Structure formats: C-alpha cells, structure tokens
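User: Hi! Could you walk me through a few details of this model, step by step?

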Amino acid sequence: MNENILKIDTVDLQDDKLVIIDQTKLPNETVILKLTDQRDIWHAIKTLQIRGAPAIGVAAAIGIYLAAKEIDTDDFNVFKTEFAKAKKYLASSRPTAVNLFWALDRMESVICEKPIAVIKELLRLEAIKIREEDIAASYKIGEYGLSLLHDGDGILTHCNAGQLATVRYGTALAPIHVGRERGMNFKVYTDETRPLLQGIRLSAYELVADGVDTTVICDNMASQVMKNGWIQAVITGADRIASNGDACNKIGTSGVAILAKYYKIPFYIAAPTSTIDMKVSRGEDITIEQRDPDEITKLWYEKCMAPEGAKVYNPAFDFVDNELITAIITEKGIIYPPFEKNLKEIMGE
Ligand code: MRU
C-alpha cells in the first residue's frame, strides 16, 4: 500500500505535461503518467486512467491547453478552427460528467483576438486557475460537509468521490479528510461499486491511507449495514446535477438513496457548482454513458462469467430523484429543498 497517495495531487500541470496517477492500476501499483498528446489525454479519460467528474474537468482544461499549444499558426481564424476541433475531440471522451464540457467551455471563453502566443499563455493560466479552484472548492465542501456530521459517525459512500476524483480532498470524502486534519474519526463503509470497483480499489485505498476506519462491502450489503444501525449519513458525489436537483452519479447510487430513505438516514450529494447543469431540467434528460459489456463479464475474471448468448446492460450512471436527497453540499454552501428554487439562487440565475 502506498501510504503517501494523499500527498500526490490527482491532476497536475508540470513542465507543460498533464500529470496524473493511472487509476486503472490502483491500488496495487502507483503509476504516474505524464501526457502531452491530445490522443493520449482522450484515451486517459475514456479508459478511466483519470476519472471522477471534477478531475476529468481539470484534466480536460489542461488537455485543451496542451492541444492549443501545438497549433502552429499566426492566423487567429485558423487557430480558432483548430481549437474547436481539439475541443470537440476531447469532449467526445465521456458523455455524462458535465465538468468535462464546463471546463472546455471555460477554456474557450478566454480566447480573444490577440497574438497567438498571448492566447496560449491565457489558456495556460486559465487551466491553472481551474485546477486551483478545484482544490479550494473541495476543501470548502469538506468544511460544509463536516458541519453535518458528528465525530464517530458511520458513513456510507458509493464509488469514489474522494481525492482521487478531484485534485485534492474530494467531494463526498472531503468532510472525512478535513475531519481527519482536525483530529476527528469516522467509520466509513464503502460499496465496492461494480463493475469497475472504484469503491474497493480507490475509496478504500485513500481512506486507509488517511488512517480512516474503513470497511469495504459488496454493493448488495448496503441495506444490511443500514439495518444494523451502523450508518448515520450517506454521502456520494455527482457527475451532473439537473436544475431540479436530480443528481446523476455512479450506477447504484439511486438504489442506495432509496434504501437511505427507507431507513430514515440522511442522503447527501457533495459536488462543486461546476457539476450543476442548469441547462438540464431533470435527471431523465442527462446522457448516460453505456460501457463495454466486458467490464461486467470478463474484466476481473480469468474466464468469461456470462454464458454465450446472454445480453449485457452496462450503464455507468443512474440518477437519484431529488425527493430522495436531504441536501446538496457545494463549495458555496449547503442547498436544501426546494432544489429548483435554491439551485437557481446559488447559481445566480
Ligand atoms: O466512472 P467514474 O469513476 O468517473 O465515476 C465517478 C463517479 O460517479 C463519482 O461519484 C462522481 O464523478 C463524483 S467525483 C467527485
């Protein structure tokens, strides 16, 4: 186990390279990737070498800067056309986390009719700003989230919305990490999160590295730990939050929220405001990524586990109905229902 995983930023820009931890190799190997080519960056996002909505956003911001840097022209219109091509390409890597599109749009918005060298420098500075803002937002989410918890609480989480899904601290796990800095202790239960195992491979890994009392459970054990009275709060992240508060997150999150309601346990979504998509009015309108069937039938097994002829359904995400959500924890504060009205307010609309 690498005790120092929390000391490594998940996404960085160093010497004009995108520096990431290859999350497909965790927890057994810590492999640092240094990427410059937009095809490698696209591949890293697609294959989840870098994953988690905020981390994808920061990686895309750095990725589009690196792609823009390679555009060899002095002509503003040619530059703009080439930039748009690279933007479209990077945007095609994954469809659900809105942070990807948010970051690419924000990068595009700094382009103005100036010498190309100046535009490239503006893009570099914007990518750095997006990265720094992510760290600050995650820490604030940690502080707000902590105000909802008590020392010693049992907390259930799903997927990985921890430091490995942002630059530092995380969203759902930020209150735990910030709490640890302040000498607090929680008992965290993490669903293993089939099929890509972000819970057991990544959340458990970073929690143990932080000295947190960590218990791994299979996804189908969530109900039992709630019934046992071991869970005082559920916190998960989100990939996209619609304007009515419906929150799209890793497949299985919806089921966990339904269970939490049954057992009268507060269910919190923790996400930066860059994950809120006011252009989408409800969860049903969010594009859900469908992934390779082999992730279910073959990836973790020596032999294929499904009989020939069986069909496979492998959606990467589902959404939690807003009525199941107790509150949404953002860097701007804790948002309670009615979400439609209160999200508008916090988003300044
Ligand atoms: O497919 P992944 O691993 O990118 O999915 C990640 C999640 O669903 C996270 O919970 C979400 O992105 C929030 S990360 C702070």
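User: Which residue stands opposite Tyr268 in strand 13?

Analyst: Happy to help; this is a predicted model, where local features need pLDDT of at least 70, side-chain atom pairs count only at pLDDT 80 or more, and totals for chains, interfaces and linings use all residues. Residues are numbered from 1 along each chain as its sequence is written, and side-chain values use heavy atoms, leaving out hydrogens and water. Strand 10 and strand 13 (residues 327-330) pair in parallel over three bridges; strands are DSSP runs of E with at least two residues, numbered from the N terminus, and pairing needs at least two DSSP bridges between the two strands. Opposite Tyr268 in strand 13 stands Ala327.

User: Which residue is the bridge partner of Ile235 in strand 10?

Analyst: Strand 7 (residues 233-236) runs parallel to strand 10, joined by three bridges. Within strand 10, Ile235 has as its bridge partner Tyr268.

User: Is Asp12 buried or exposed?

Analyst: Asp12 sits in strand 1 (residues 11-14). Buried means under 20% relative accessible area, exposed over 50%, and partly exposed in between, using a 1.4 Å probe and protein chains only. With 14% relative accessibility, Asp12 is therefore buried.

User: How far is the nearest cysteine sulfur from that of Cys248?

Analyst: A disulfide is a pair of cysteine sulfur atoms within 2.5 Å, and by this rule the count is zero. Cys248 is in no disulfide, and its relative accessible area of 0% makes this residue buried. The nearest cysteine sulfur belongs to Cys159, at 11 Å.

Notes
Helix = DSSP H or I, 4+ residues; strand = E, 2+ residues; numbered from the N terminus.
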